[in-house]
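Please work through the following exercises on the core and on one strand of the structure shown here, and compare your reasoning with the solutions.

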Amino acid sequence: MSFHPKMSYDATFHKSARVLGDEGAPFTYTAENRARLDEIVKRYPADRRRSAVLPALYLVQSQQGYITASAMRHVAEALEMTAADVEDVVSYYSMFNRRPVGRFVLNVCRTLSCALNGAERVTEEICAKLSIKPGETDPSGTFTLAEVECLGACDRAPVVMVNDAWHENLRPEQVGKWLDDLRTKGEAAVSGCHHVVERNTR
Amino acid sequence: MDPILTKFVGEPNAFTLDFYLQHEGYSALRTALTKKPDEIIELVKASGLRGRGGAGFPTGMKWQFVDKKATPRYIACNADESEPGTFKDHLLMERNPHLLIEGCAIGCYAIGATVAYIYIRGEFLHVQRILEQAIDDAYAKGFLGKNILGSGFDCDVFVHRGAGAYEAGEETALLESLEGKRAQPRNKPPFPAVVGLYGKPTAVNNVETLCNVPLIVARGAEWYAALGPEKNGGPKLYCVSGHVKRPGVYEASMQVTLRELINDYAGGVRDGRTLKAVIPGGSSVPILMPDQLDTQASFDAIQKAGSLLGSAAIVVLDDTTCMVWLAENLLHFYRHESCGKCTPCREGTDWLHKILRRIEAGEGEMRDLDLLASISGNIAGKTLCAFGDAAVTPVQTTLKHFRHEYEAHIKEGRCTLPAEWRARQAVGTH
């Protein structure tokens, strides 16, 4: 029953936006990833294995692209924490994918300095070219579009982070050709951070 | 002032240990290890070094507050660099990683810590790789590890990668994240200097702050203090972005004015445009108007002018910028980044964003302006960390200086300043 005459106490009232993780296939680290995790854990005090949860989750993501419920349980076992605590962490940090993503995740910085230089137009052009909205993956499974907050590269606005690499100074009018280049040339079409580029070309 | 921190950023091999050693690298660590730890703290206090992360708190004091009775002790270097408009630590770590490592080692020696964790934001993977290579090189040459340079002092430095959370830049949230939890702030006091990482005394210092320490040890506190105005000594990195011709990181003495930084260093606003307003210290600080451009870009002068130097992220806005749009853009950021721990901030940032979006879309009412002010007043000062105050600043500062723009939106039922660089239609789903 309800305590309020106009609010029925039913399933729609306490509706949670919480999305339960995909159970996924049974997960275990590859021997190589397990060895890397064992190395990383040594950086922290012996009774603080939990400190390695972020690197442990990055290893899951590099192994299978996104983080499933079975992977969270595996991480929990490896780090001697509860599966709920791992899910707590996964659901908080924005860089962990909880659903399968495309080959290229296009993270368009939408915060002020990038927006002042056309980031909103970049997002619009990507949406139009791929017929998807932010948060979606195109039917070919090549691109996932996401709008993200300040990437810390405001002097090279607008910036798009493609998986783990930066593409700087992407003008809205360049978007169409750039997406084609990504399809055909792959990661070679990503400019990279200008500091890294300058260092490697000198 | 000639660049000091960024003197060698144009050199191709500046990031290598060999280059660093050829340019007096690790000599400050060598000097530091011949002194007593307390002498280093006194030296840093005498230099007047103030934290470069945003608050401008004296670093020597912070180190002095570290409880020297409990062990182990830690240094947590804040390389989360997430304040919108800030990209200076990125440059330092990318081009001069050994300076940071040397700063970490000297800091550890001063407070009696044996481990420093560099908490780097998840989006800086390319920087993390450079740092880790530099750390490996430093171990190999005996600048880190056991019995450093034969002094008996042990120090480890590790890089810890975050995973996308602005709040991780708040010092206690950073420690929570290092402990493998959500990056949410702790109640203070106790401060990290007493109860920090794993409950042990911890100094949390920004990258640029730690990079200044070797300079002070090598060249002395007096030299350092004399580089800038009183209580604002040393070299400072400024990040200039937004509507300027040459956005970038510029190093200057804090004697420099905002006008010099914008016009001389960054080339001024684009041709045919005029300057409308300036955010002098990252998105969390009040805006300054064109008639305040002659303000010295020091901690104290900017504060006197009614804003804060913050992380020295100068975002320049030209006359095409709609201030309601600006507030909406930044509240989208704060709404997304609110960690959710304190109710006023978690709920309030969402409300503010919804109202701003409504006004920007031309569907606002005059009473919304009072509502914005009221909600802002109910967030500021009512949260565990400074995020709440930061989040309402874009609303309060635009309402103060540009109330007429809000009113025009409401009266005309549309955005009155739709710039060509903005979306043709409202985008974004979250």
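**Contacts, core and strand**

Leaving aside neighbours within four places in sequence, B:Cys104 is in contact with B:Ile75, B:Cys77, B:Ala116, B:Ile118, B:Val157 and B:Leu210, contact meaning C-beta atoms, placed from the backbone, within 7 Å. The model is predicted, with local features needing pLDDT of at least 70, side-chain atom pairs counting only at pLDDT 80 or more, and totals for chains, interfaces and linings using all residues. Residues are numbered from 1 along each chain as its sequence is written, while chains are lettered from A and ligands numbered from 1 in the order in which they are written.

**Exercise 1.** Determine which helix gives the largest share of the largest nonpolar core.

*Solution.* The largest nonpolar core has 192 residues, and B:Cys104 is among those with the most contacts inside it; such a core is a set of buried Ala, Val, Leu, Ile, Met, Phe, Trp, Tyr and Cys residues joined through C-beta atoms within 7 Å. Its largest share, 10 residues, comes from helix H6 (residues 97–111) of chain B.

**Exercise 2.** Establish how many residues of strand E5 of chain B are buried, and which strands E5(B) is joined to by bridges.

*Solution.* In E5 (residues 235–242), 8 of the 8 residues are buried, so the strand is largely enclosed by the rest of the structure; buried means 20 or more other C-beta atoms within 10 Å of the residue's own, C-beta atoms being placed from the backbone. Next, 6 bridges join E5(B) to E6(B) (residues 248–253), running antiparallel, with B:Lys236 opposite B:Ala252. Finally, 4 bridges join E5(B) to E8(B) (residues 313–318), running parallel, with B:Gly242 opposite B:Val316.

Technical notes: Buried ≥ 20, exposed ≤ 12 C-beta atoms within 10 Å, placed from the backbone. Helix = DSSP H or I, 4+ residues; strand = E, 2+ residues; numbered from the N terminus. Contact = placed C-beta atoms within 7 Å. Pairing = 2+ DSSP bridges.
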